[in-house]
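Reader: Could you take me through the surroundings of the ligand, slowly and in plain words? I'm in my first year, so please explain the terms as they come up.

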Amino acid sequence: MGLEGLEFESFTLAASTADLSEEPAARSHADVIEFRMDLASEPVAALESYDAEYEETADALPVLATNRAAWEGGEAADDEKRLDALAEVTQLDAVQAIDIELASLRDGSATTLNETAATRGVTVVASAHDFEETPSVVAMSETLTDACRYGDVGKLAVTATDRSDALALLTVTHQLAREDEHTVATMAMGAAGSHTRAVAPVYGSRIGYAPVDPSKATAPGQYDLETLSRLVTQLEPAAD
Ligand SMILES: O=C1C[C@@](O)(C(=O)O)C[C@@H](O)[C@@H]1O
């Protein structure tokens with residue numbers, strides 16, 4: 001698949017929020033705003049008015065729109081409406097990437113949405129989350145490879161309970177990121193996984209997430225935006 005919207009060719013820091021009025025506060029550290037539509041009220045209208053401002057503001061951040069399903073840890077309950085809303089916002093210039101759950105791509109419910117995004121030059125991040133555990137390296141590798149097949153970027157967030165979980169996630173990240181055709185984003189949720197948010201980019205992960213407002217984390221174990229930005233910058237990838 002060709003990358004046309006946000007390219008994620010190098011590490012991209014996404015500032016997550018359910019309130020787009022917070023965006024200016026993210027500009028000095030983030031490259032993109034992850035708008036959690038599922039956590040916002042009237043998200044399509046909010047994005048439309050953001051888009052109008054975006055056109056006129058030179059340093060406004062582009063949007064990665066996420067409308068996370070309730071069955072994947074988010075709050076969007078009606079699947080048809082949530083996919084329709086994502087399709088609608090791909091028309092906006094500000095929306096340069098969308099997140100689509102791998103499960104929706106696998107079961108076909110998001111096939112049209114995926115095509116719409118491709119037609120409009122909007123990058124697709126195909127995502128999978130495990131809120132319980134860190135699966136085996138083989139299982140994670142299969143999931144992430146499949147996510148890369150459907151999306152421009154394959155994203156995997158798992159839950160770590162110890163250091164071996166973190167190492168397993170980094171191993172998979174390293175393996176896939178070395179293969180040129182794969183653009184991956186990985187992170188381990190939970191306290192035992194926090195450091196992977198800083199370290200995974202060294203192994204090739206291309207997206208990191210941190211809340212604009214530190215009191216409103218969108219996943220367990222996230223660093224605040226400034227901290228993640230500083231850590232990732234200081235750990236710039238070493239040569240292979
Ligand atoms: O999928 C992801 C990654 C994430 O769950 C994290 O662990 O940082 C945060 C979410 O907002 C985002 O959509």
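Author: Let's start right at the ligand: 13 residues surround it, and the closest are S16, A157, Y209, T218 and A219. Being near here means that a residue's C-beta atom, placed from the backbone, lies within 6 Å of the molecule. Before we go on, keep in mind that this is a predicted model, where local features need pLDDT of at least 70, side-chain atom pairs count only at pLDDT 80 or more, and totals for chains, interfaces and linings use all residues. Residues are numbered from 1 along each chain as its sequence is written.

The shell around the ligand is a mix of 5 nonpolar, 5 polar and 3 charged residues. In that count, Ala, Val, Leu, Ile, Met, Phe, Trp, Tyr, Cys and Pro are nonpolar, Asp, Glu, Lys and Arg are charged, and the others, Gly among them, are polar. Two strands, β2 (32-36) and β7 (184-189), each supply at least two residues of that shell. Strands (E, at least two residues) and helices (H or I, at least four) are DSSP runs, numbered from the N terminus.

Now take T218, one of the closest residues to the ligand. You'll find T218 in the loop between β8 (207-211) and α9 (225-234). T218 counts as buried because 21 C-beta neighbours sit inside 10 Å. The cut-offs go like this: 20 or more other C-beta atoms within 10 Å of a residue's own is buried, 12 or fewer is exposed, and in between is partly exposed, with C-beta atoms placed from the backbone. Leaving out residues up to four places away in sequence, T218 touches S16, R36, Y209 and P211. Contact means that two C-beta atoms, placed from the backbone, lie within 7 Å.

T218 also turns up in the UniProt record, where an unreviewed entry gives a "binding site" at E34, F35, R36, R68, R197, T218 and Q222. UniProt positions follow the numbering used here, feature names are shortened, and annotations may be inferred rather than shown by experiment.

R68, another position in that record, belongs to the loop between β3 (63-66) and α3 (79-89). R68 is buried too, because 20 other C-beta atoms lie within 10 Å. Setting aside neighbours within four places in sequence, R68 is in contact with R36, D38, G73, G74 and A76. So which residue links these two stops? R36 is among the contacts of T218, and R36 is also among the contacts of R68.

UniProt's unreviewed entry also lists an "active site" at H129 and K155. Although spread over 27 residues of sequence, they cluster in space, with a largest C-alpha distance of 8.4 Å.

H129 lies in strand β5 (residues 123-129), and H129 is buried because 21 other C-beta atoms are within 10 Å. Beyond residues up to four places away in sequence, H129 touches E72, G73 and A157. That brings us back to the ligand, since A157 is one of the closest residues to it.

K155 is in strand β6 (residues 153-159), and K155 is buried because 26 other C-beta atoms are within 10 Å. Not counting residues up to four places away in sequence, K155 touches V125, A126, S127, A147, A185 and I207.
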